[in-house]
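Here's a walk through one protein chain, with an eye on how its strands line up and which charged side chains find each other. Have the structure open as you read.

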Amino acid sequence: MKLKMIAMAVLAAAAGAAQADDIAQRVETLLRQMTLEEKAGQLNQLSGKEFSTGPNSDNVRNIERDIRSGKVGSMLNIKGVRDTRRVQALALQSRLHIPLLFGLDVIHGYQTVFPVPLGEAASWDLEAIEESARIAAREAASAGIHWTFAPMVDVGRDPRWGRVMEGAGEDTYLGSRIAAARVRGFQGAKLGGTASVMATAKHFAGYGAAIAGRDYNAADMSEHQLHETYLPPFKAALDAGAATFMNAFNTLNGVPATGNAMLQREILKGQWGFKGFVVSDWGSVREMVVHGYAQDLPDAAAKAIAAGSDMDMESNAYGASLPALVKAGKVDIAAVDDAVRRVLTKKFELGLFDDPYRFSDEAREKAALNDPRHREAARRIAAESMVLLKNEGNALPLRRGLRSIAVIGPLADARRDLEGGWIVQSNAAKMASLVDAVRAHAGQGVRVDTAAGCDVACRGLDGFDAALKLAATADTVVLAVGESWDMSGEAKSRAHLGLPGRQGELFEALRAIGKTPVVVIMAGRPLIFENVAEQAKAILYAWHPGSEGGNAIADVLFGDVNPSGKLPMTFPRNMGQIPIGYQQYNTGRPVQTESNVVYKSAYIDSPNTPRYAFGHGLSYTSFAYSGLRASSTTMRPDGKILLSFTLTNSGPVAGAEVVQLYLRDPVASVVRPLKELKGFQRVALQPGQAQTIAFTIDRETLAFYNRKLEWGAETGTFEVMVGSASDDIRLKQTIELTER
Ligand code: GLC
């Protein structure tokens, strides 16, 4: 059997190599036929936003003309079989009949909307995350889309930055694992399948480190920080086969990412050997002029193509300037040819030259967009993404036998808001709101009523009376508060992260009448809600949970699903703590006890500890960690240590626990954080069931970048920790890496 598998693998590799050679030859043949203008055309991407909605405007007519004359290589924001077929037909009228690539932001679903990516990350369920991307790809690919501008793999440690919603949170290791899962989900085993789309690792690089959490702001960091924190998820996406990268709006250490040769040529295409292509972010080539890095658009085009930015999204810099720049000797034709080869190679790999319409298939679109399994998956994954932050006195799940439930708050009957930002098309009309879902769950004989109290902005209290009156008559009150769909995402930085407007006062007013509610918070990022955190009995963080979010929240509230989510980002107590993460350093004056902070690395007006730590998340059951065993406490450089322990479901109901492995290197050539996530496993157990959990520790686990940016492990002792959260370590063990 083994031999047969090896033989099949060898044959597959040989076939892959043969196909690659064949494509390379076809690319060269085509390249030799192309004029300079046609080459520039392949590097030109335009938006077709108006094509499916607007009238036959001058803009549409001009773009159609350019497509017919081979001046456009890709269109974004055109979707659906009808429109993609129509526009592709225009491209096939060009002299060389080179098909277009259709790209779209399929960030967390095409038609079926999954939780926002930060919410999905809270599931820590890599299989579920991959499944979600696979479903999104199947729906998008069936509708003529070749390429999604996802996953966004920017590490985000500043909740003021609205785009933390699109990523996987603050941790490099978790972000890397999720980046790879999302790429696998979007692309499938091999590019070219008509249920897969090209993925895009974005935004390369350092975008999440925007100063002051203000979107599009400069990012400035040490090379050590860049390599240790921000680059690994991109490398993980590349290793998973990401077909494309997208660069970023920000400058990194003074150089715009779009014109940054260190990032795109030295690291991405050089050290990492990336063979795909890089697309600029919307207008970022042009923005190099605004940054003050380029004199004018032609200068920006010259700097961007030289730095390795292959395709120009929406600046029309390449299309307008590259031919003249090459003729004037300001741009090396080799750089243009390299970029064109990369783009054409992907078009061949997708099979578009063999059949330019293969992704635009009515029957497949109908089947994919009407598959009930997609909504089922969205509901399951949304429930898994939710984080039970607090549950005093087992206030949740809602007990049976209730006679009346009041669902209060601006998000109680919301639908569009549950989908979050960055969706392709809303399903709001077909969605269940939270109150719809509570009604469905509560069953006959239970009165379920709702009152908003205020809108999401909640600037006025005029709805409070009605809400309080209703609450006063109910056995149980569920308060649904948080952000509207457009309070997180791109260009949504917030300087205040409290519950919007006067939502917090609605909670206080309910408490004042003796109706402390169960609180459900929906948002695209961590928020700050100190009073609620202190005084509520139970808090469920639902993120923006997608098309099935209302049903999923009710599944958790009624205990049909036992919550297992864990925070992928730290929740601060106040704005002053930001940026805050679990990857803290000891400093020379660490706080030992909150009562003694004099001349310590501390605030005089706030604890250092967050409101909720990275990795935090409760369950309706409990889990016991016991019997930590190490196969050895010392390890040679080429050795391994098997760390194992017993996890027991010590509570009353089935549940899943995300066990987390952290490491500390207490003495090293550069100081290391007090803990770093190095592994995790999501384990489902029945009540009373015990399971041995094992982690393998090897040199890679212990490695880090030293001052010379060399990746490696240094001898000495290490502390390995296993826990339920970064601030809930249950077992620990010291091990030693020896010289030999
Ligand atoms: C946006 C975003 C990027 C997106 C692109 C196309 O500005 O920064 O993530 O993929 O433009 O919509």
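Leu388 has Leu540 of strand S16 as its bridge partner. That pairing belongs to a set of four bridges joining S11 to S16 (residues 538–541), and the two strands run antiparallel. Keep in mind that this is a predicted model.

Zoom out from there and you'll find an open sheet of six strands, ordered S11-S16-S15-S14-S12-S13, with mixed pairing. At its edges sit S11 (387–391) and S13 (447–451), each of them paired on one side only. On average, neighbouring strands here are turned by 15° against each other, ignoring direction. Helix H20 (residues 503–512) packs on this sheet, where it touches S12 (404–408), S14 (476–482) and S15 (518–522). The direction of H20 makes about 165° with that of S14.

Further along the chain, strand S20 (residues 655–664) and strand S21 run antiparallel, joined by nine bridges. Among the paired residues, Gln660 has Phe680 in S21 as its bridge partner. Strand S21 (residues 676–685) is mostly covered, with seven of its ten residues buried.

As for domains, the assignment gives domain 1 (1–32), domain 2 (378–576) and domain 3 (623–737). Domain 1 and domain 2 have C-alpha centres 52 Å apart.

Now for the charges. The structure holds 49 salt bridges, and here are three of them:

| Salt bridge | N to O distance |
|---|---|
| Arg26 and Asp354 | 3.1 Å |
| Arg163 and Glu490 | 3.6 Å |
| Glu228 and Arg672 | 2.9 Å |

Start with Arg26 and Asp354, whose side chains meet in a salt bridge. This pair links distant parts of the chain: Arg26 is in helix H1 (residues 2–33), while Asp354 is in the loop between H14 (333–349) and H15 (362–368), 328 residues apart. Arg26 counts as partly exposed because its relative accessibility is 31%, and Asp354, at 57%, counts as exposed.

Next, Arg163 pairs with Glu490 in a salt bridge. Arg163 belongs to the loop between S4 (147–148) and H7 (172–187), Glu490 to the loop between S14 and H20, and 327 residues separate the two. Is each partner buried or partly exposed? Arg163 is buried at 2% relative accessible area, whereas Glu490 counts as partly exposed at 25%.

Then there's Glu228 with Arg672. Glu228 lies in helix H8 (residues 223–230) and Arg672 in the loop between S20 and S21, so this pair ties together parts 444 residues apart in sequence. Both Glu228 and Arg672 are buried.

One last detail: Asp22, Arg26 and Asp354 are joined into one network by salt bridges that share partners.

Conventions:
Residues are numbered from 1 along each chain as its sequence is written. This is a predicted model: local features need pLDDT of at least 70, side-chain atom pairs count only at pLDDT 80 or more; totals for chains, interfaces and linings use all residues. Side-chain values use heavy atoms; hydrogens and water are left out. Two strands pair if DSSP finds at least two bridges between them. Axes are lines fitted to C-alpha atoms, for helices over the stretch in contact, and angles run from 0 to 180 degrees between N-to-C directions. Contact means heavy atoms within 4.5 Å. Domain bounds come from an automatic or database domain assignment. Buried means under 20% relative accessible area, exposed over 50%, partly exposed in between (1.4 Å probe, protein chains only). A salt bridge is a side-chain nitrogen of Lys or Arg within 4 Å of a carboxyl oxygen of Asp or Glu.
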